[in-house]
Amino acid sequence: MTFDAFDLHRDILGAVAHHGFETPTPIQEKAIPAILTGSDLLGLAQTGTGKTAAFVLPIIHRLMKGRCRSPRALVLAPTRELAAQINDAVRSLGKGTGLRSAVIYGGVGMSPQTEALGRGVDILVACPGRLLDHLSQKNVDFSRLETLVIDEADRMFDMGFLPDIRRIARHLPVKRQTLLFSATMPADIRGLADDMLHDAVTVQIGHTKPIDTVSHALYPVEHHLKAALLRDLLAATDTDSVLVFTRTKHRAERVARQLSHAGFRAVSLQGNLSQSRREKAIEGFRSGSYQILVATDIAARGIDVSAISHVINFDMPDTVDAYTHRIGRTGRAEKTGDAFTFITRDDAAMIGAIEQVLGERIARKTLPGFDYEKPNDAPAQGANPHQRQQQRGARPRKGGRQERSF
Ligand code: AMP
């Protein structure tokens with residue numbers, strides 16, 4: 001099948017060809033015709049499946065028919081990075097169509113966004129919190145809205161955005177097309193879908209298991225040897241771009257610093273960075289000037305760098321879904337990728353859960369020549385914060401989870 005089969009406007013087909021997309025991905029094959037008919041849609045698909053183009057292309061096609069200064073399509077996304085990437089996709093896939101788009105998120109000034117809204121926007125991509133700020137200031141009018149997209153709904157839920165989404169929906173026309181995408185379907189997302197969608201077409205691509213083009217390996221290691229193992233593993237492995245995940249932003253920052261000292265082109269992406277440094281980190285990673293990006297889950301959400309050859313879980317994620325999301329960053333759109341996960345004795349339960357979803361046992365590997373017996377002579381460096389406190393004899397800090405925040 002080719003994109004011609006969808007009968008999209010020729011300017012859109014031109015942009016698709018310009019992107020080098022030859023055949024639609026499975027979700028595009030199923031979702032594009034349904035969205036073109038105006039139907040609501042529930043898309044069960046993870047990142048890396050081509051889901052952004054699956055909704056952007058038909059939305060652009062439908063909007064090309066009319067003109068109006070207030071937004072006719074609204075895409076809600078959980079993070080600024082994802083929102084910015086969706087807006088980039090709208091711009092590049094809609095190039096030459098004359099449609100205008102804007103992106104709205106927090107952490108930057110309101111005024112440029114207010115001005116962009118004032119100039120007139122066809123497609124608005126927004127994070128919920130900042131959009132509510134604009135709504136309360138009456139900077140945006142959704143009376144002409146035709147399509148609402150809720151992207152990565154499960155992540156929205158994880159981040160506590162569902163009440164905001166419901167609040168935003170009260171500002172939208174009841175009669176509209178709604179598209180909801182989620183990699184997983186916990187009960188709260190099911191509830192949201194039941195409330196928001198009407199006679200929706202459901203498109204499910206795979207299950208919630210990680211994409212098949214990724215091969216997985218586990219590296220058992222003591223906490224205090226993780227940094228050394230990462231360094232030696234990177235030195236011994238042929239990689240393109242590498243995304244390393246840590247549990248906390250402090251660890252992301254520290255691991256990136258250690259890799260830089262060891263001579264790697266590494267940078268961290270975590271919530272302590274200013275917006276401009278985050279953008280610099282992402283852009284440097286995308287362009288290849290940094291080969292290694294060390295990030296927390298939330299910071300890395302939605303990062304779309306097609307040459308990521310390896311995802312390395314320096315720390316095991318908290319949930320199987322988080323594992324799926326992390327791994328979704330490599331092996332994208334029919335490329336292959338490797339997922340390495342460092343495991344300690346604390347991770348047994350999570351390994352079992354991941355293997356159950358994968359339906360297979362993951363290979364345990366060791367790095368030849370690495371000194372796994374090296375004693376822990378710097379106890380405060382390697383262990384997790386809770387263990388460090390115990391080692392120091394201090395009581396665990398109240399609210400220790402704060403470190404996990406983005
Ligand atoms: P997404 O799942 O939307 O994050 O997309 C993952 C990646 O696949 C992005 O880099 C897209 O540019 C790319 N992509 C989307 N559709 C296609 C296609 N039909 N053929 C090849 N690559 C695609």
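The two exercises below deal with the surroundings of the ligand and with the residue Ser70.

This is a predicted model, in which local features need pLDDT of at least 70 and side-chain atom pairs count only at pLDDT 80 or more, while totals for chains, interfaces and linings use all residues. Residues are numbered from 1 along each chain as its sequence is written, and side-chain values use heavy atoms, with hydrogens and water left out.

**Exercise 1.** Describe which residues surround the ligand and where polar atoms of the protein meet it.

*Solution.* Begin with the shell, where a residue counts if one of its heavy atoms lies within 4 Å of the ligand: there are 15 such residues, and the closest are Thr23, Gln28, Gly48, Gly50 and Thr52. Next, sort the shell by residue type, which gives 4 nonpolar, 8 polar (Gly is counted here) and 3 charged residues.

Then look for polar contacts, that is, pairs of N or O atoms within 3.5 Å. A backbone N or O atom of Thr23 lies 2.9 Å from a ligand nitrogen, a polar backbone atom of Gly50 is 2.7 Å from a ligand oxygen, and a polar side-chain atom of Thr52 lies 2.6 Å from an oxygen atom of the ligand. Finally, consider the area: the ligand taken alone exposes 500 Å², of which the protein buries 81% (Shrake-Rupley method, 1.4 Å probe).

**Exercise 2.** Decide whether Ser70 is buried or exposed, and locate its contacts.

*Solution.* First, find Ser70 in the loop between helix H3 (51-63) and strand E2 (73-76). Second, apply the cut-offs, under 20% relative accessible area for buried and over 50% for exposed; Ser70 has 12% relative accessibility and therefore counts as buried. Third, leaving aside residues up to four places away in sequence, Ser70 touches Val121, Asp141 and Arg144, where contact means heavy atoms within 4.5 Å.

Notes
A polar contact is a pair of N or O atoms within 3.5 Å; within protein, one must be able to donate a hydrogen and the other to accept it, and residues adjacent in sequence count only if both atoms are side-chain atoms. Helices (H or I, at least four residues) and strands (E, at least two) are DSSP runs, numbered from the N terminus. Buried means under 20% relative accessible area, exposed over 50%, partly exposed in between (1.4 Å probe, protein chains only).
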